[in-house]
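Student: Could you take me through this structure? I would like to begin with a single residue and work outwards.

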Amino acid sequence: MFRVKHLLYLAILFFNEKGKNMKILSKNFKKVCKKNLIVGLTGNIGGGKSEVLRCLKDLGFAIINGDEIVQNEYMKRSDFFSEVVKLFGQNSLNNDGTINKKYIFEKIQTNEFFYLKLNELTKKYIVPKTLEKVRIFKENHRYSVIEIPLLFELQLEEYFDVVLVVCSSKDLAKKRVLENREVDEAYFDFFDSKQMSIYLKIKKADKIIYNNSSLNVLKKKVWNFAVDLKCC
């Protein structure tokens, strides 16, 4: 049941344009959630997944960033790292021994073979580690969320209690990517074309957040989503 105190929290957030009271809200949200629950967060490129992840963290969710799992595998010179270097050659390494992401992007963009092989390596090494983190977080945290851009493409929805899709118009998504990631339109168009249609993702989602407005509006929508999880 939606309680009176939830209305008070929403009022606080509504009148605070910068959402500074998210920390206060998270303290109270922790008290009312009754079961362990894990959310799979996905959506289109540039849709605002990372910002939603930050908002949920402020609300007290334990978070996992899928990109960080990949980055950690690169950093610790794992089997995944070795296989990537073997696939793309020594030119895939920077002078300091780290992965040259720009070089790898150029290869997968111009040769479908490399794209498919990299996907195979992701499924072989990254997906199992991701699912292990999901298991651990589900066992040890009352509520948690993991961001996986290709959640549906990898057919991972069954591992989550709720799948949340965050999306925005393609023009706005492209504008965000070009402004925030120091890449060109070719980068956006390539990864956008490799993802499942956002319309299909919306059909498959349990919950949807449309992110076509301001950050403050997005924060209100994230709080509404948290309240609507039926664990309060």
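**From one residue to the whole fold**

Tutor: Leu-121 is buried, with a relative accessible area of 11%; buried means under 20% relative accessible area, exposed over 50% and partly exposed in between, with a 1.4 Å probe and protein chains only. This is a predicted model, in which local features need pLDDT of at least 70 and side-chain atom pairs count only at pLDDT 80 or more, while totals for chains, interfaces and linings use all residues. Residues are numbered from 1 along each chain as its sequence is written, and side-chain values use heavy atoms, with hydrogens and water left out.

Student: Which helix holds Leu-121?

Tutor: Leu-121 is in helix H7. Helices (H or I, at least four residues) and strands (E, at least two) are DSSP runs, numbered from the N terminus.

Student: And what does Leu-121 touch, not counting residues up to four places away in sequence?

Tutor: Leu-121 touches Phe-80, Glu-83, Val-84, Leu-87 and Ile-126, where contact means heavy atoms within 4.5 Å.

Student: Let me follow up on Phe-80. Is Phe-80 buried or exposed?

Tutor: Phe-80 counts as buried because its relative accessibility is 2%. Phe-80 lies in helix H5, and its C-alpha is 6.9 Å from that of Leu-121, although the two are 41 residues apart in sequence. For Phe-81 and Leu-121, 40 residues apart along the chain, the C-alpha separation is 9.6 Å.

Student: What else is Phe-80 in contact with, leaving aside neighbours within four places in sequence?

Tutor: Besides Leu-121, the contacts of Phe-80 are Val-70, Glu-73, Tyr-74, Thr-122, Tyr-125 and Ile-126.

Student: How many residues are in the largest nonpolar core?

Tutor: The largest nonpolar core has 37 residues, and those with the most contacts inside it are Val-84, Phe-88, Ile-108 and Phe-160. A nonpolar core is a set of buried Ala, Val, Leu, Ile, Met, Phe, Trp, Tyr and Cys residues joined through side-chain atoms within 4.5 Å. At least two residues of this core come from each of S2, H4, helix H5 (79-88), helix H6 (101-110), helix H7 (112-140), S4 and helix H10 (198-204). H7 gives the most, with nine residues.

Student: What surrounds Phe-88, again without neighbours within four places in sequence?

Tutor: Phe-88 is in contact with Tyr-103, Ile-104, Lys-107, Ile-108, Phe-114 and Leu-118. There is also a second, separate core of 22 residues, which includes Val-52, Phe-61, Val-145 and Trp-223.

Student: Now the sheet. What is the strand order?

Tutor: The five strands form an open sheet in the order S2-S3-S1-S4-S5, with parallel pairing; two strands pair if DSSP finds at least two bridges between them. Strand S2 (62-65) and strand S5 (207-210) are the edge strands, each pairing on one side only. From one strand to the next, the twist averages 20°.

Student: Why is S1 described as largely enclosed?

Tutor: Seven of the seven residues of S1 are buried, so S1 is largely enclosed by the rest of the structure. Leu-37, Val-39, Leu-41 and Gly-43 point one way from S1, while Ile-38, Gly-40 and Thr-42 point the other way.

Student: How many bridges join S1 to S3?

Tutor: Five bridges join S1 to S3, and the two run parallel; Val-39 stands opposite Val-145 in S3. Strand S1 (residues 37-43) also pairs in the parallel sense with strand S4 (residues 162-167), over five bridges. In S4, Val-162 is the bridge partner of Val-39, and Val-166 is that of Gly-43.

Student: Which strands does helix H4 lie across?

Tutor: Helix H4 (residues 66-75) lies across S2 and strand S3 (143-147), running at about 55° to S2. Axes are lines fitted to C-alpha atoms, for helices over the stretch in contact, and angles run from 0 to 180 degrees between N-to-C directions. Helix H11 (residues 215-227) packs on the sheet as well, touching S1, S4 and S5, and its direction makes about 170° with that of S5.

Student: Finally, what are the totals for helices and strands in the chain?

Tutor: The chain has eleven helices and five strands. Of its 232 residues, 44% are buried. Among contacts with a separation of 6 or more, 74% join residues 24 or more positions apart.
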